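Here are my notes on the model you sent, set out as numbered points. They deal with one helix pair, the internal cavities and two loop residues.

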Amino acid sequence: TAMISKEGDPAAVIAAPVMGTNASLLGAVLVFFDRNVAMGEVETEALKVLASLSALALENAQRFERQRRVARSLQQGLLSTETPALIGSQVAAVYEPASSESDVGGDFYDVFEVRKGVYGLVVGDVAGKGAEAAALTAQAKYMLRAFASRNRSPASVLFHLNNALSASLDVDRFATLVYVVYDTDRQRCVMSSAGHPAALLFRADDGSVEALELSGMVLGAFANQQFEQTEIDLRPGDVLLAHTDGLTEARSDTGEMFERERVERLLADLAPRTEPAELARAIYGEAKAFGRVTDDTVVFTLACPRT
């Protein structure tokens, strides 16, 4: 206890060091009084408890910030892969983190060459937040690449990926994704989905938009699941769009959700008059204008150039 005075009035300040687990000095707790104070056993113990709680809070905050930085670095690394140029077609993707920097999600996308002229296109979402979700994202992404390198069927790739993940994940961990094998020579997509929001197909010849609903469980929950696959031939001006649920779950000030129907209408409206490279960004911008996007979001497009 230190006695101080202010313009002749009695006053006191009580100080206790805030010590970290490694005996490092994190700071101090200061308690000011406008009178003289005599410290007794009860007051001394209360101040020690307050200092200990302060140390715990500070160390937890520092640990959380370190984890957040690691998770964000992992996620940025996963999304920094150079997207290859596809002959005769154009891919574009937008990844936007949630408005809260503390919540690092598991949304991701990937484009990789399976064999000459054939590419794997992936949009996925791993349940959870933070470094653990980012690590699981890396696991899912590169395991899928490994299975795709020796298996041409998207449904079979998801079958093996699901079995691998279900054997290694905790019960509350899972992933959803859309996986497309795209042949640039024939402009043909073969696609499977694992519990992910339906991809959307815009047809330029009639301006229609179709939601490609495919059966398939989320990845990592149950082993030996079967996944449906479908083939799609792209024609000039057609666009295939995939996204994570952060897009459709954007909310207005009144609580209204953006929902898939709005994305369908936007795709039909924007695809004929928007450059393929800008379409994904334009659709995400509409969601931001509509309301608050509270989750990480990926919007991915594969466009067959207009003639």
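1. Helices H5 and H6 are oblique to each other, because an angle counts as oblique when it is neither under 35 degrees, nor over 145, nor from 65 to 115, and their axes cross at roughly 135°. This is a predicted model, so please read each point below as a statement about computed coordinates. The two helices span residues 259-270 for H5 and residues 276-290 for H6, and their axes come within 11 Å. The crossing in which H5 passes H6 is right-handed.

2. As for the residues that make this contact, H5 contributes Arg262, Val263, Leu266, Leu267 and Leu270, while H6 contributes Leu279, Ala282, Ile283, Glu286 and Phe290. Sorted by class, the contact of H5 with H6 has 8 nonpolar residues and 2 charged ones, with no polar residue.

3. Turning to empty space inside the model, the structure holds 2 cavities of 30 Å³ or more, and the largest cavity contains about 80 Å³ of space. Which strands each supply at least two residues of the lining of the largest cavity? They are strand S6 (118-126), strand S7 (175-183), strand S12 (239-243) and strand S13 (297-303).

4. The lining of the largest cavity can be checked residue by residue in the viewer, since it is made up of Leu121, Val122, Val123, Val178, Val180, Met191, Ala199, Leu240, Leu241, Ala242, Phe300 and Leu302. By class, this lining has 12 nonpolar residues, and neither polar nor charged residues take part in the lining.

5. Two loop residues deserve a look at their backbone angles, given that most residues other than glycine have a negative phi. Gln187, in the loop between S7 and strand S8 (188-194), has a positive phi near 50° although the residue is not glycine. Asn224, which is found in the loop between strand S10 (208-212) and strand S11 (229-233), likewise has a positive phi, in this case near 60°, and is a residue other than glycine.

Notes:
Residues are numbered from 1 along each chain as its sequence is written. This is a predicted model: local features need pLDDT of at least 70, side-chain atom pairs count only at pLDDT 80 or more; totals for chains, interfaces and linings use all residues. Side-chain values use heavy atoms; hydrogens and water are left out. Axes are lines fitted to C-alpha atoms, for helices over the stretch in contact, and angles run from 0 to 180 degrees between N-to-C directions. Helices (H or I, at least four residues) and strands (E, at least two) are DSSP runs, numbered from the N terminus. A crossing is left-handed if the near helix is turned anticlockwise from the far one by less than a right angle, and right-handed if clockwise. Contact means heavy atoms within 4.5 Å. Ala, Val, Leu, Ile, Met, Phe, Trp, Tyr, Cys and Pro count as nonpolar, Asp, Glu, Lys and Arg as charged, and the others, Gly among them, as polar. On a 1 Å grid over the protein atoms alone, a cavity is a set of points where a 1.4 Å probe fits but cannot get out, and a pocket is an open set with protein on both sides within 12 Å along at least five of seven lines; lining residues have an atom within 4 Å of a point. Grid points are joined across faces, edges and corners, and a volume is the space filled by probe spheres set on the points.
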